[in-house]
Amino acid sequence: MDTKDLGFDSKLIHSGQIDDQFGSATVPIYQTSTFRFRDADHGAACFSGDSDGYIYTRLNNPTIDALERLAASLENGYRGIACSSGMGAVNTIYSGVLKQGDHMISTDAVYGPSRVVMEKHYSKYGIESSYVDTSNPDNIIKEIRPQTRMIYIETPANPTMSLTDLKAVAEIAGERGIITVADNTFCSPYLQKPLDFGFDIVFHSVTKFMNGHADIVGGVIVVKQRKLDSILRPMMINLGCNMDPHQAYMVIRGLKTLSVRMEKAQQNAIKVARFLEVHPKVAWVKYPGLESHPQYELARSQMDGPGAMISFEMKGGLNAGKNLMNKVSLPLLAVSLGGVESLIQHPASMTHSKVDKSSREESGITDGLVRFSVGIENPEDIITDLERAMENV
Ligand code: LCS
């Protein structure tokens, strides 16, 4: 079936499917490391590209292909590239796009390891990076150098929930031939499609909302154009950070319910954010669905909903926040996000603890910031639990 013109929810169910010989309703798991060639000429043709036959699972595999086609269809891109993890996707992009002497500008408050790997490892190969508050596009313009090859943004940013104007950044970069990359993990394509705003590359830690069930780790990149696929795919293959067929199957399965999960989690999150916003023990809440979010209008213009991630700080800062995390019983005290279960964690001592303390503070990741990934439980249960925990803080 040609799924190009289907609506988003229909694409989740039908895009990328395989017509296998038994008429399987779901994508089969081709759990094999290698594929038998019909004869020696066929093997040679697969390697030369004259045949699109499968060769070896690190290079290509029908189950992984199905996910890559599905992801491309959801993000309105040319092709997906499935990776072993979100960090596999980050490293495929960094290594594929950047070379010695190049410079990258990034959102300052990105997922900790995305920044740490660049500052600690890629710097050894002569790649420079600058971290700025990309919620103001002028900060990006000020940092542009002749060597700037990539602008890398996360919107909403993990964990500050600051937004970046996708259209403005795509225009700034486009005029100068700079490649734009968006980490769309916090939104999923259900809420935001950076390629539609002119970005070149979008990627996800599919560990989060895309798979949605906290049972696998994975990453998917989607590129706008064939040229970028021909740069990034060999890099993924040669780095060896390919996805596994079983992982791909799980993500395809999780994606079928992306819309219903996101919708429910977001409805819950709006209620939780409103509860936190007026609670006397809460100092501030940052959630794109609240009018108090400094970029509320931008959220409405580039996101199809505010999502299910909330950051907040208790009055009494770090100690009060830790106290709260120890006292809640419904959300799991755990890192990761975007699953059906609510999760709570403390970025300064957990996900972002390896980021240099002064960089962390400069980018708004305060010691008291608590991050809440709202799940799809009954909202009243989440709020009652928070209320009870707050009383004891
Ligand atoms: N990008 C974002 C925005 C993330 O939140 C994460 C992981 C990654 C990339 C990396 O993906 P992974 O390799 O883990 O699949 N974020 C995590 C977090 O906030 N808590 O634990 C992991």
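Ala, Val, Leu, Ile, Met, Phe, Trp, Tyr, Cys and Pro count as nonpolar here, Asp, Glu, Lys and Arg as charged, and the others, Gly among them, as polar. Sorted that way, the lining of the largest cavity in this predicted model splits into 5 nonpolar, 4 polar and 4 charged residues. That cavity holds about 60 Å³ of space, and the count of cavities of 30 Å³ or more comes to 3. Its lining takes in 13 residues, with Leu-59, Asn-60, Ile-64, Glu-68 and Met-236 lying nearest the centre. Two elements, α3 (62-75) and α8 (226-239), give two or more residues to this lining, and α3 supplies the largest share, 3 residues.

On to the rings: the model has 6 aromatic pairs. Phe-37 and Phe-47 make an edge-to-face pair, because their planes sit at 70°, with the ring centres 6.3 Å apart. Phe-37 comes from the loop between α1 (8-14) and α2 (40-48), while Phe-47 belongs to helix α2, so the contact ties together parts 10 residues apart in sequence. Phe-37 is partly exposed at 30% relative accessibility, and Phe-47 is exposed, at 57%.

Tyr-152 and Phe-203 pair up as well, with centres 6.0 Å apart and planes at 40°, so this pair counts as tilted. Here the link runs between strand β4 (residues 148-154), home of Tyr-152, and strand β6 (residues 201-205), home of Phe-203, so parts 51 residues apart in sequence are tied together. Both Tyr-152 and Phe-203 are buried, and they join Tyr-94 and Tyr-122 in one aromatic cluster.

There is a charge over a ring, too: Arg-115 lies over the face of Tyr-131, 4.1 Å from the ring centre.

Technical notes
Residues numbered from 1 in each chain as written. Predicted model: local features only at pLDDT ≥ 70, side-chain atom pairs only at ≥ 80, totals over all residues. Heavy atoms only, no water. 1 Å grid on protein atoms, 1.4 Å probe; cavity = no way out; pocket = protein on both sides within 12 Å on 5 of 7 lines; lining within 4 Å. Points joined across faces, edges and corners; volume = space filled by probe spheres on them. Helix = DSSP H or I, 4+ residues; strand = E, 2+ residues; numbered from the N terminus. Phe/Tyr/Trp six-rings, centres within 6.5 Å; stacked < 30°, edge-to-face > 60°. Buried < 20%, exposed > 50% of the residue type's maximum accessible area, 1.4 Å probe, protein only. Lys NZ or Arg CZ within 6 Å of the ring centre and 35° of its normal.
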